[in-house]
Amino acid sequence: MCTYLTEKLRLDGAAKGASGWFTVTDGMVYVDHPYHACHEHTVNIDLTNPSEGPSARVAIELTEEAALALVEAIHKALAAAPPGLASAAPRPASA
Amino acid sequence: MTDAMWAGTVAVTGHEGAGLEAYAARPLGSAPHGGVVVIHHMPGYDEATKEIVRRFAANGYAAICPNLYSREGAGVSPDDQAAAARAKGGIPDEQLVGDVAGAAAYLKALEHANGRIGVIGYCSGGRQAFLSACSLDIDAAVDCYGAFVVTAPPAEYPLKAEPLISRAADLSCPLLGLFGADDRFPSPEEVGVLSAELEKLGKEHEFHVFPDAGHAFFAVDRPAYRPAAAVEGWKKVFGFFGRRLAA
């Protein structure tokens with residue numbers, strides 16, 4: 001099936017795509033047919049910058065298990081670092 | 001009789017004069033041939049769809065697949081174009097009809113064209129093949145598992161697709177429908193509703209629901225591929241076009 005359901009979010013960071021590094025401003029997450037992965041359905045994640053055109057995109061296609069493992073790993077990595085270390089909010093320069 | 005063909009990228013004029021990239025293939029022989037417009041699936045203008053275009057040429061048709069996501073930018077890879085189009089909720093119906101009309105005009109202008117045009121589409125293209133057949137004067141249409149012909153997408157879906165069943169009275173040509181029994185979009189129940197409506201309207205149609213097959217059973221590069229249904233489905237397609245598009 002084509003689910004079409006798409007979660008969209010604003011992002012702040014950078015990613016390396018087919019033409020090099022670019023600033024990431026937007027993201028999409030959807031469960032649908034993958035373009036490349038050899039599964040009928042995958043969790044598809046796009047990291048994009050629409051202002052730089054459709055080619056400013058990093059595409060990821062993961063199984064459900066892999067996607068959840070990625071989410072858990074992100075939580076663990078953040079929990080292991082000082083709170084706010086990777087935050088976009090301005091912080092005083094550390095010594 | 002020769003089975004040689006030409007295949008490659010061409011430019012066609014789509015809706016409101018837009019320049020579109022398209023992939024075309026045609027027999028090199030001088031016998032009159034019918035034309036087939038191939039409408040790609042939602043993942044876009046990909047290698048598997050180009051293979052389908054060549055398959056029609058190998059079987060004696062001039063075929064063309066317009067890149068419906070051409071407007072996302074020249075030189076952009078088809079998967080990135082598809083992602084950008086998806087983010088916008090797909091493409092407007094009016095634009096699709098104009099693009100298919102432009103592709104059909106390209107085929108009709110070819111040297112050995114017999115003037116007959118068929119349309120075939122897969123997945124979202126299945127719905128769009130039906131839409132084309134209700135909007136344009138064509139000779140045969142094939143809907144391969146097109147969803148949202150009978151029912152609207154669920155409210156939370158961003159896809160801009162209205163049901164088309166109210167337009168069935170405008171169907172301009174015979175319709176072949178090929179569906180999977182395990183598909184949910186469209187479900188066999190929806191296929192039944194469409195069939196009943198066409199029956200009521202006296203519209204010529206031939207529907208097949210293949211067992212042990214779901215959505216995208218023709219897609220040879222995906223796990224959804226079901227050889228038994230696809231082999232039988234291709235026989236139905238060539239039988240149907242053979243009857244409808246002959247000179």
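**Group meeting: a look around B:Cys134**

Let's start with one residue: B:Cys134 is buried, because 22 other C-beta atoms sit within 10 Å, and the cut-off for buried is 20 or more. Before I go on, keep in mind that what you have on screen is a predicted model.

So where does this cysteine sit? B:Cys134 is part of helix H4 of chain B, which covers residues 124-135. Which residues does B:Cys134 touch once we leave aside its neighbours within four places in sequence? The list is B:Leu164, B:Arg167, B:Ala168, B:Asp170 and B:Leu171. If you want a distance to check on your own screen, go to B:Tyr122, twelve residues away from B:Cys134 along the chain. The C-alpha atoms of that pair are 17 Å apart.

Now, H4(B) has a helix partner I'd like you to find. That's H3 of chain B, residues 93-108, and its axis comes within 10 Å of the H4(B) axis. The two axes cross at roughly 75°. Angles of 65 to 115 degrees count as roughly perpendicular, so that's what we call H3(B) and H4(B). Who makes the contact? On the H3(B) side you'll see B:Asp93, B:Leu96, B:Val97 and B:Val100. Facing them from H4(B) are B:Gln128, B:Leu131, B:Ser132 and B:Ser135. Sorted by class, that contact comes to four nonpolar, three polar and one charged residues.

Okay, zooming out to the whole of chain B. How many helices and strands are there? Six helices and eight strands. Reading from the N terminus, the order goes β-β-β-α-β-α-α-β-α-β-β-α-β-α. Chain B is as compact as a globular protein of its length, because its radius of gyration is 17 Å and the globule rule gives 18 Å for 247 residues. If you prefer a box, the C-alpha atoms fill one of roughly 45 × 40 × 35 Å along the principal axes.

Our cysteine has company, too: 52% of the 247 residues in chain B count as buried. And take the contacts in chain B between residues at least 6 apart in sequence: 66% of those join residues at least 24 apart.

Last stop, the other chain. Where chain A meets chain B, 17 residues of chain A are in contact with 26 residues of chain B. What classes of residue does chain A bring to the side that touches chain B? Nine are nonpolar, five polar and three charged.

That's my tour; over to you.

How values were computed
Residues numbered from 1 in each chain as written. Chains lettered and ligands numbered in written order. Predicted model: local features only at pLDDT ≥ 70, side-chain atom pairs only at ≥ 80, totals over all residues. Contact = placed C-beta atoms within 7 Å. Nonpolar A, V, L, I, M, F, W, Y, C, P; charged D, E, K, R; others polar. Helix = DSSP H or I, 4+ residues; strand = E, 2+ residues; numbered from the N terminus. Rg over C-alpha atoms; globule rule 2.2 N^0.38 Å. Buried ≥ 20, exposed ≤ 12 C-beta atoms within 10 Å, placed from the backbone. Axes fitted to C-alpha atoms, helices over the stretch in contact; angles between N-to-C directions. Parallel < 35°, antiparallel > 145°, perpendicular 65-115°, else oblique.
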